[in-house]
Amino acid sequence: MRKLLHLTFILTFAALIQAGGADAAEKLTVGNTGSSIKPAMVVLAHQMGYYKDEGLDVEIKQISNLNEGVTAVQMGKLDILPLGIIPSLTFIAKGANLVIYGGTIAEGGQGITLPQNKDKYKDMKSFKGRKIGVHRPETGHMIAKAKMREAGLDLDKDVEIIRIDGFQSIIEAVSKGIVDIGFVNSGFGLIAEKRGLAVAFNIGGIAPNAVCCRQTTSRAVYDSKRGALVKFQIANLRAYKLMMDDPGTAVKKLMEYSGQPEDYVKYCLYSNVMVITMDPAVNRIKDFYEIMDKNGDLPKNPKKEITNNIDASIYRVALDEMIKRYPKDASFKKMDREFAVNNL
């Protein structure tokens, strides 16, 4: 039945493309915090005019934090939140009718510490007795907590986890010795190194393809603007191709948008710390939801089954379209191979 529904949607979407779609551009509103390039492909697609090319009118709206963004999606004030996964899953756990349908980045988390302590974190048992600085919306520390449990540590007795408001504040706490190690994301590993700190490890080293920021929408938008969401993803995949084929243009456009220096933008795009991906990775989301539950990071009595809140078909159709347009592109071939592993 799933394959039949998938085929039906592919044929319907193909017919829309051939027919030229709607006369007026379909409008989508997308949230972002300040001039962040964490949703790099969204920003790049917008800067390059790819959304317009695909028949969309995309407006990037400012949000102050991720909880505000999820609330705006629920209330119909935003169509898409391409940032975060923890708030989306927290709201879903409480019964919110949200749909996570695409990716933004994977991995991304880094453990930072004083240079003399860089080699002290070779395995998860080495966290015993440490003070650990974390920022709750960051996924890496939650995955690390699960790995610590697996290594036999008691998170209530063997480590002290200190919540800190923001990655810059975590850098300060590590620098001053308030915490032994801190978890950062969004290119803050580079900023920490410039401050004289060291990266002890990347989260991808202990959890390859670990889930990070995803794209979230409401059920109402998912049902009523499904075709627009596919076009949105096609434009994002076009931005990915530009990033791979023309780094100079990609970096320049993101520098113009963010005001960030060249080394920071390159670090975000090409260091392989934050892995750019549009794949929702349904299996990874389910695994992470279970991690949050076992960590005690979900509300009490959370929703147990979230299959209906995750969708891979929009990405699949967009990827099929890109493979059709660029049949020899190595990146899209790789995404095609990875799809089954991540989603089926």
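# A walk around the model

Start by selecting Gly76: this glycine comes after helix H4 and has a positive phi, near 80 degrees. Keep in mind as you go that you are looking at a predicted model.

**Back into H4**

Now step back and select helix H4 itself, residues 66-74. Which of its residues are buried? Colour Leu66, Gly69, Val70, Ala72 and Val73, and you have them. Look down the helix axis and you'll see these residues on the same side of H4, because they cover an arc of only 160 degrees around that axis. A bit of helix geometry helps here: an α-helix has 3.6 residues a turn, so residues three or four places apart point the same way.

What covers those buried residues? Show helix H5 (86-93), strand E3 (98-103) and strand E10 (214-218), which are among the covering pieces. Before leaving, zoom in on the start of H4, where Asn65 has a side-chain oxygen within 3.2 Å of the backbone nitrogen of Asn67.

**Over to Thr217**

Stay with strand E10 and pick out Thr217, which sits in that strand. Is it buried or exposed? Thr217 is buried, and its relative accessible area is 0%. Show its side chain together with the backbone of Asp79: a polar atom of the Thr217 side chain is 2.6 Å from the backbone oxygen of Asp79. Then bring up the residues around Thr217. Setting aside neighbours within four places in sequence, its contacts are Val73, Asp79, Leu98, Val99, Tyr101, Tyr222 and Leu229. You've already met Val73, one of the buried residues of H4.

**Two asparagines in loops**

Next, select Asn209, in the loop that runs between strand E9 (198-202) and E10. Its phi is positive, about 65 degrees, although Asn209 is not a glycine. Switch on the surface and you'll find Asn209 partly exposed, at 24% relative accessibility.

Jump to Asn272 for another one. This residue lies in the loop between helix H12 (262-270) and strand E11 (274-276). Asn272 has a positive phi too, near 65 degrees, and again is a residue other than glycine. On the surface, Asn272 counts as exposed, with 55% relative accessibility.

**Where H2 meets H11**

Select helix H2 (residues 40-48) along with helix H11 (residues 247-258). How do they pack? Their axes are 10 Å apart, at an angle of about 95 degrees, which means H2 is roughly perpendicular to H11. To see the contact, show Ala40, Val43, Leu44, Gln47 and Met48 from H2, then Thr249, Ala250, Lys253, Leu254 and Tyr257 from H11. Colour by class and the contact splits into seven nonpolar, two polar and one charged residues.

**From Met48 to Arg238**

Keep Met48 on screen and add Arg238. Along the sequence the two are 190 residues apart, yet in space their C-alpha atoms are 9.7 Å apart. Arg238 belongs to helix H10 (residues 226-245) and is buried, with a relative accessible area of 18%. What does Arg238 touch? Leaving out residues up to four places away in sequence, show Tyr50, Asp53, Glu54, Met322 and Arg325.

**Last stop: Ser126**

Finish at Ser126, in the loop between strand E5 (110-113) and strand E6 (131-134). Although Ser126 sits in a loop, it counts as buried, at 17% relative accessibility. Select Lys120 and Tyr121 as well: Ser126 touches both, not counting residues up to four places away in sequence.

Definitions and conventions:
Residues are numbered from 1 along each chain as its sequence is written. This is a predicted model: local features need pLDDT of at least 70, side-chain atom pairs count only at pLDDT 80 or more; totals for chains, interfaces and linings use all residues. Side-chain values use heavy atoms; hydrogens and water are left out. Axes are lines fitted to C-alpha atoms, for helices over the stretch in contact, and angles run from 0 to 180 degrees between N-to-C directions. Helices (H or I, at least four residues) and strands (E, at least two) are DSSP runs, numbered from the N terminus. Angles under 35 degrees count as roughly parallel, over 145 as roughly antiparallel, 65 to 115 as roughly perpendicular and the rest as oblique. Contact means heavy atoms within 4.5 Å. Ala, Val, Leu, Ile, Met, Phe, Trp, Tyr, Cys and Pro count as nonpolar, Asp, Glu, Lys and Arg as charged, and the others, Gly among them, as polar. Buried means under 20% relative accessible area, exposed over 50%, partly exposed in between (1.4 Å probe, protein chains only). The arc is that of the directions from the helix axis to the C-beta atoms. A polar contact is a pair of N or O atoms within 3.5 Å; within protein, one must be able to donate a hydrogen and the other to accept it, and residues adjacent in sequence count only if both atoms are side-chain atoms.
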